[in-house]
Amino acid sequence: MFAFHWFLIQLKILKNAFKEDKKGFFLRDLWHTFIILCGLVLLYLFFTSMFRFIRLKGMSTFDFAFLFLSFSLVVFLPLLFYSAVVCSLSFLFQKEETFFYFSLPVKRVSVFIVKFLQTYFHTAWMTFLGLIVFLAAMQQSFKVTPWLYLTGSISFLVFLVIPVCAAVILVMIVSRFLPFVQARGMLTVIGLFVGSVLIAAIRVMQPERLVTAEGKMQLVTYIQNLHKPWMTVLPSEWVTNIVFSQVQHDAEGMAVNFLSLCGLAAVLALLAYAVARLFYERIWVDAAVVSERVSKKFTWQSLLAMFPASLRVFIRKDLLSFYRDTVEKGSIAILIPLSFVYIYSVYLLNKQIHAVEEPIFSFLYIYLFNFFYSAVVIAGLSGRWVFPSISLEGNNFRLIKGAAIPLKDFLRAKFLLGLVPLLCVGEVLILGSLLILRVQLPLMLVSMLIMAGLCWGITLICLILGMREADFSIREPLDFALSYKGFLCLVWESLFTALVIALVGVPTTLFLSKGASSSFLLSIAISLIVTLVIFRILYNLYNTSLARLAKSL
Amino acid sequence: MIKVQGISKQIKNNFVLDGIDLQVRDQEILGIVGPNGAGKTTLLNIVAGIWPADKGSVEIDGTGLSEGAEAVRQKIGYVPDAPFLYPKLTGREFLSFVGTLYRLDAQKLDQKIAELEKALELSFWLDELMDGYPRGVRQKMTLAGMLLHSPKIVLLDEPLTNLDPKSSKLVKELLQNMARSGASILLSTHILEIAEKLCQRIVIILEGKKIAEGSIAELRALAKSPGSNLEDIFLQLTGGEKYSELLKHLT
C-alpha cells in the first residue's frame with residue numbers, strides 16, 4: 001500500500017520536474033538518454049557482428065550465444081552485488097526522508113520495501129537494458145518468437161533480485177554489528193577495490209583486439225573453454241537455460257529453470273525481509289544519531305603554514321572535508337585503475353613502436369599518444385574533483401562571499417587544491433611512461449614541462465567552467481560531473497589538449513624531418529606566441545568568470 | 001494522554017536521556033525547555049515512535065508505543081525541527097500524499113486541505129513547487145501536514161522558529177484551540193516567552209535529566225524567586241548565572 005503511494009508520488013515528482021524546467025530536463029536527461037542509446041546501439045552492433053562472424057566461420061551461433069550469455073551473467077553477478085552494496089548504503093540510510101516516513105502511520109518494513117525498490121532500480125536498470133539488447137540481437141539472428149522478450153525480461157528481472165537481496169542482507173548485517181561509519185567505509189572501499197580490479201582486468205584483455213578477426217576468434221575460443229559442469233548450479237545458468245529453452249520450444253526446461261530461479265530469488269527476498277524486520281529500524285536509528293568525534297591534531301596541518309592565512313583557511317577546510325569523507329577519500333581508488341590503464345597502454349605502445357622502423361612516426365607516437373593518454377587521466381580527475389568544487393560549497397558560498405576574505409583567495413585555494421594533486425599524478429605518469437619508452441633525459445624534461453602546462457590549463461579550464469556553470473543546489477559531485485555541464489567541460493578540456501599536442505607536435509615533426517631549419521624555428525616562434533595568447537585568454541576568462549561569480553546568488 | 005516512564009537513551013555510552021518521566025494530560029500543552037543538547041529532540045523522537053528508547057516506556061492513550069505501532073502513530077501529529085518536504089512536489093500534492101497515508105477519504109481530505117489553506121494563509125503557495133518556499137512557509141506546510149488528520153496527540157519541536165509574528169500568533173491560537181478541543185500537546189522550544197505564555201506546565205531538562213516540572217507558579221516556588229519570569233527561573237535551575245556573568249564580562 002505504502003509502496004504503491006510512494007511510486008505514484010515519484011511519478012508526480014518526475015512530471016513536476018519536467019514541467020518546471022523543460023529545457024533543463026531535455027538537455028540534461030535526454031543527453032543521458034542519448035548517450036545510453038548510443039551505448040545500446042553499439043552493444044547491439046557488437047552482438048550481431050559476433051553472431052555473423054561465427055556463422056561465417058561455420059560454427060554454431062546458438063552455442064556461442066548460450067555460452068556468452070551465461071558467461072556475461074556470471075561476470076555481472078559480483079558487479080551487480082557491489083553496485084547494490086553502494087546503492088543500499090545510500091538509500092537504506094537516507095536521513096530526512098526516512099525520518100519523515102517513520103513519523104507516519106506506516107509499517108517500518110514497508111519503508112524498507114520502498115528503499116529496497118530504489119536500490120533494486122538503481123542497481124539493475126542498465127544491466128537489464130543491456131540484456132534486452134542481447135535478446136534483440138538473438139531475435140534478429142535466430143528469428144524466434146517475440147515472446148522471447150517477455151520470457152527473457154521476466155527471467156532477467158527475477159535474476160537481478162538475487163544480487164540486490166544478497167547485498168542488502170550483507171549491508172544490514174554489517175551495519176548491525178559495526179558502527180555505521182566504519183561499515184560504510186569498509187564496504188565502499190571493498191566495492192571500489194573490486195571495481196578497480198575489474199577495470200584493470202578488462203584493460204589486460206585488450207578489448208580493442210575485437211576489431212580483428214583474430215581477436216574475435218580468441219574471444220570465441222575463450223568463452224567456449226569456460227563452460228564447466230559446476231556452472232549449472234549458478235542462477236546465471238538458470239536464466240540462460242530459460243531463454244534458450246524458449247528458443248528451442250522446450251517447455252519443461254523452461255519450467256524447471258524458472259522454478260529454480262524464482263525459488264532462490266524468493267528465499268533471498270524473504271531472508272532480506274526477515275533481516276529488515278529484525279534490524280532495519282535499529283540500524284537506521286544508529287546511523288541517524290551517529291556523530292563522529294575526530295582527533296583535533298593533524299600533523300600535516302603544520303605544512304599549510306607556508307600559505308597566507310586567507311588561503312590557508314580554505315585549503316584546510318577542503319582538505320579536512322575530503323579527508324573525513326570516507327566515500328570521497330575512497331574515490332581516490334579510481335586512480336589505481338586509471339594509472340594502470342595508462343601504464344599498460346604505454347607498455348603496449350612501446351611494443352608496437354619496436355615494430356616500426358620510421359623514427360618520425362615512432363617519435364610522434366610518443367608525443368601524441370602519450371600526451372593523449374595522460375591528458376585523459378588528468379581530464380577525468382579534474383572533471384570529477386575540480387569542476388564541481390565551487391558548486392559543492394552550496395549555501396555556504398553565501399558565507400564565503402560575505403566574509404572579509406577576498407573571493408579571489410577562495411578561488412586561488414581551489415586552484416591550488418586542484419593543480420597540486422593533478423600535477424603530481426601527471427608528472428609521475430609521464431615520467432613512468434617515458435622511462436618505459438627509454439626516452440633521453442633532455443626530452444624527458446621537456447615532456448615534464450609540457451605536462452605542467454597541460455595540468456595548469458586543464459585545472460584552470462575546469463575552474464573557469466565551474467564558476468560560469470556554478471549550481472549551488474547540487475548534492476552529489478558525481479551527478480554534476482556527469483551532467484551536460486560536465487560534458488561541456490570535457491569538450492573544452494579535449495580542445496585544449498588537442499591544441500597543446502599540436503603546439504608540441506608540429507615543431508617536433510619539422511625538427512625530425514628537416515632539422516633546425518627556418519621552418520622549424522618559425523613553428524617554434526608560432527607555438528610560443530600561440531601559447532602566450534592561450535595563457536592570456538584563459539587569464540581573462542578567469543577574471544571575467546570571477547566577476548560573474550561575485551555577482552551571483 | 002501521553003505517559004512517559006523512565007525513558008533512557010544512550011548514544012556512544014553517553015546518556016542523552018536518563019530516566020525521564022512525564023505526563024501530558026488531555027486538553028493540556030506541556031512545554032519542554034532546556035539548553036542545546038539537553039535531549040529535547042531525542043525525547044520527542046522517542047515519544048513519536050521514531051527512535052526506540054533503551055529503557056522505559058511511552059503510552060499514548062493507554063496503549064504502549066510498541067504494542068500498536070501503526071495504530072498509535074495514526075493518533076500522533078509530529079512536526080520535527082528539520083522537516084522533510086519533497087522539493088519537486090507542490091504543497092497540495094504533498095498534503096494529498098500525507099492525507100492518503102493517514103487513510104483520509106478523498107472528500108474529507110479536500111475539505112481539510114481547503115480549511116488549512118485558509119487557516120494558515122497558504123493559498124498563494126499551495127500550487128507552487130515546495131523547493132521555492134521560504135522557511136516560514138515550509139514550517140507552515142509541515143504544520144498543515146501534521147494537522148490533516150486532526151491528531152489527538154501533537155508533538156512539536158521548535159514549531160515557531162521561522163514564523164513571522166503574524167503566523168506565530170496564528171499557530172499559537174491554533175494550538176490553544178486544539179488543546180481546548182481535547183488534544184495533548186508536547187512542545188519543545190528555546191523561546192522561553194512562548195513556553196511561559198502557551199504552556200500550562202513546563203518541564204526543564206538538563207543533560208538528559210528532568211530537573212524541574214510544574215506550572216510557572218510552581219517553578220517560581222521551586223527556584224525560590226517569587227515574581228521572576230521563566231528566563232530567570234531557567235537560568236537559576238540550569239546554573240545559567242555563570243553565563244550571565246560571562247556575558248557581562250564579554251560585553
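**Notes on the two-chain model**

1. A good place to start is the middle of a sheet in chain B: β3(B) and β9(B) pair in the parallel sense, over four bridges. Within this pair, B:Gly31 has B:Ile202 of β9(B) standing opposite. Please keep in mind as you read that this is a predicted model.

2. The sheet around that pair is an open one of six strands, in the order β6-β7-β8-β3-β9-β10 (chain B), and its pairing is mixed. β6 (76-79) and β10 (209-214) of chain B are at the edges; each has a single partner strand, so one side of each lacks a neighbour in the sheet. On average, neighbouring strands here are turned by 15° against each other, direction ignored.

3. Both senses of pairing are easy to find in this sheet. Strand β7 (residues 153-157) of chain B runs parallel to strand β8 (residues 184-188) of chain B, and five bridges join them. B:Leu156 has B:Leu187 in β8(B) as its bridge partner. β9(B) and β10(B), by contrast, run antiparallel and are joined by five bridges. There, B:Leu206 is opposite B:Lys209 in β10(B). The hairpin of β9(B) and β10(B) has two residues between the strands, and B:Glu207 takes a positive phi near 45° in it. That residue is worth a look on the screen.

4. Chain B has another open sheet, with four strands in the order β2-β1-β4-β5 (chain B) and antiparallel pairing. Its edge strands are β2 (14-24) and β5 (63-64) of chain B, each pairing on one side only. Strand β1 (residues 2-11) of chain B and strand β4 (residues 55-60) of chain B run antiparallel, with five bridges between them. In this pair B:Lys3 is found opposite B:Glu59 in β4(B).

5. Which helix of chain B lies across β1, β2 and β4? It is α1(B), which runs at about 120° to β1(B). Helix α1 (residues 40-47) of chain B also lies across β3 (28-33), β7, β8 and β9 (201-206) of chain B, at about 150° to β8(B). The helix therefore lies across strands of the four-stranded sheet and of the six-stranded sheet.

6. Chain A has a different make-up: its secondary structure comes to 20 helices and zero strands. Of its 553 residues, 29% count as buried. Among contacts in chain A between residues at least 6 apart in sequence, 82% join residues at least 24 apart.

7. Now to where the chains meet. The contact takes 20 residues from chain A and 21 residues from chain B. On the chain B side, the elements that give two or more residues are α2 (69-75) and α3 (91-101) of chain B. α3(B) gives the most, with four residues. By class, the side of chain B that touches chain A has 15 nonpolar, two polar and four charged residues.

8. One helix pair across the interface deserves its own point. The axes of helix α1 (residues 2-20) of chain A and α3(B) come within 11 Å and cross at roughly 175°. Angles over 145 degrees count as roughly antiparallel, so α1(A) is roughly antiparallel to α3(B). A:Phe2, A:His5, A:Ile9 and A:Lys12 of α1(A) make the contact with B:Glu93, B:Phe97, B:Thr100 and B:Leu101 of α3(B). By class, this contact has four nonpolar, two polar and two charged residues.

9. Which residues touch the most other members of the largest nonpolar core? Of its 138 residues, they are A:Val164, A:Val168, B:Val47, B:Ala144, B:Leu155, B:Ile185 and B:Leu186. Helix α3 (residues 61-91) of chain A gives the most to this core, with 15 residues. Leaving aside neighbours within four places in sequence, B:Ile185 is in contact with B:Ile29, B:Leu30, B:Val154, B:Leu175, B:Met178 and B:Ala179. A second, separate core of 40 residues includes A:Phe371, A:Phe410, A:Met467 and A:Cys489.

10. Finally, a residue to check by eye: A:Phe520, in helix α20 (residues 518-551) of chain A. Being buried takes 20 or more C-beta neighbours within 10 Å; A:Phe520 has 19 and so counts as partly exposed. Beyond its neighbours within four places in sequence, A:Phe520 is in contact with A:Pro507, A:Leu510, A:Phe511 and A:Lys514. A:Thr508 is twelve residues from A:Phe520 in sequence and 8.0 Å away in space, C-alpha to C-alpha.

Definitions and conventions
Residues are numbered from 1 along each chain as its sequence is written. Chains are lettered from A and ligands numbered from 1 in the order in which they are written. This is a predicted model: local features need pLDDT of at least 70, side-chain atom pairs count only at pLDDT 80 or more; totals for chains, interfaces and linings use all residues. Two residues are in contact if their C-beta atoms, placed from the backbone, lie within 7 Å. Ala, Val, Leu, Ile, Met, Phe, Trp, Tyr, Cys and Pro count as nonpolar, Asp, Glu, Lys and Arg as charged, and the others, Gly among them, as polar. Two strands pair if DSSP finds at least two bridges between them. Axes are lines fitted to C-alpha atoms, for helices over the stretch in contact, and angles run from 0 to 180 degrees between N-to-C directions. Angles under 35 degrees count as roughly parallel, over 145 as roughly antiparallel, 65 to 115 as roughly perpendicular and the rest as oblique. A residue is buried if 20 or more other C-beta atoms lie within 10 Å of its own, exposed if 12 or fewer, and partly exposed in between; C-beta atoms are placed from the backbone. A nonpolar core is a set of buried Ala, Val, Leu, Ile, Met, Phe, Trp, Tyr and Cys residues joined through C-beta atoms within 7 Å.
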